[in-house]
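These are my notes from going through the structure. I list what I looked up and what I found.

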Amino acid sequence: DAIEALLHVGVERGRFAPIEAGVYYHVDTLAELKVLLTNYLSEHPSITVAVFRDLTQSNRKFALLLLEYLDQIRFTRREGDERTLVPS
């Protein structure tokens, strides 16, 4: 379908990141979320899905998808029910 084709081109051009099948985020949005998360974790030892959901004004489904994506790209690390930043 046309939307999938456009998203595919966006991924190829580095504009969108596939989070899971059928779910894409613009790379600028992901960068903003990383800054938000980094700022939060500079003042707190870790973050839960519920806190990230509230911080991003999202819902649990998308907050969890995003955190799992950030774990996958090794930006964060899951430790039980909490996430911490992976040292750079």
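How many residues lie between β1 and β2 in the hairpin, and which residue in the turn has a positive phi? I found 2 residues between the strands. The turn residue with the positive phi is Gly22, at about 85 degrees. I note here that the model is predicted.

**Hairpin strands**

I then looked at how the two strands pair. β1 covers residues 16-20 and runs antiparallel to β2, with 4 bridges between them. I picked out one bridge: Glu20 is partnered by Val23 of β2.

Next I checked where the side chains of β2 (residues 23-26) point. Val23 and Tyr25 are on one face and are buried. Tyr24 and His26 point to the other face and are not buried. I recall that side chains in a regular strand alternate between the two faces of the sheet.

**Salt bridges**

I searched the whole structure for salt bridges and got 3.

I took Arg83 and Asp71 to begin with; their side chains meet at 2.8 Å, N to O. Arg83 sits in strand β5 (residues 82-85) and Asp71 in helix α4 (residues 60-72), so this salt bridge ties together parts that are 12 residues apart in sequence. Are the two partners buried or exposed? Arg83 has a relative accessibility of 3%, so I count Arg83 as buried. Asp71 is buried as well, with a relative accessible area of 18%.

I went on to Arg53 and Asp54, where the closest N and O atoms are 3.0 Å apart. Arg53 is partly exposed at 27% relative accessible area, and Asp54 is exposed at 51%.

The remaining entry is Arg77 with Glu79, whose side chains meet at 3.6 Å, N to O. I have Arg77 as partly exposed at 40% relative accessibility. Glu79 is also partly exposed, with a relative accessible area of 45%.

**Ser46**

I looked up Ser46 and found it in the loop between α2 (27-43) and β3 (47-48). Because its relative accessibility is 16%, and buried means under 20%, I count Ser46 as buried. Which side chain does the side chain of Ser46 meet in a polar contact? The partner is the side chain of Glu82, at 2.6 Å. I also listed its contacts, leaving out neighbours within four places in sequence: Tyr40, Leu41, Glu82, Arg83 and Thr84. Of these, Arg83 is the residue I already have in the salt bridge with Asp71.

**Helix α3**

I asked which residues of α3 (residues 49-56) are buried. They are Val49, Phe52 and Thr56. Seen down the helix axis, these buried residues fall within an arc of 65 degrees, so they line one face of α3. I checked what covers them, and the elements include α2, β3, α4 and β5. Just after α3 comes Gln57, with a positive phi near 50 degrees.

**N terminus**

I finished at Asp1, in the segment before α1 (2-12). Asp1 is exposed, with a relative accessible area of 70%. Its side chain reaches the backbone nitrogen of Glu4 at 3.0 Å. I also took the distance from Asp1 to Glu12: C-alpha to C-alpha they are 17 Å apart, and in sequence 11 residues apart.

Key
Residues are numbered from 1 along each chain as its sequence is written. This is a predicted model: local features need pLDDT of at least 70, side-chain atom pairs count only at pLDDT 80 or more; totals for chains, interfaces and linings use all residues. Side-chain values use heavy atoms; hydrogens and water are left out. Buried means under 20% relative accessible area, exposed over 50%, partly exposed in between (1.4 Å probe, protein chains only). A polar contact is a pair of N or O atoms within 3.5 Å; within protein, one must be able to donate a hydrogen and the other to accept it, and residues adjacent in sequence count only if both atoms are side-chain atoms. Contact means heavy atoms within 4.5 Å. Two strands pair if DSSP finds at least two bridges between them. A salt bridge is a side-chain nitrogen of Lys or Arg within 4 Å of a carboxyl oxygen of Asp or Glu. The arc is that of the directions from the helix axis to the C-beta atoms.
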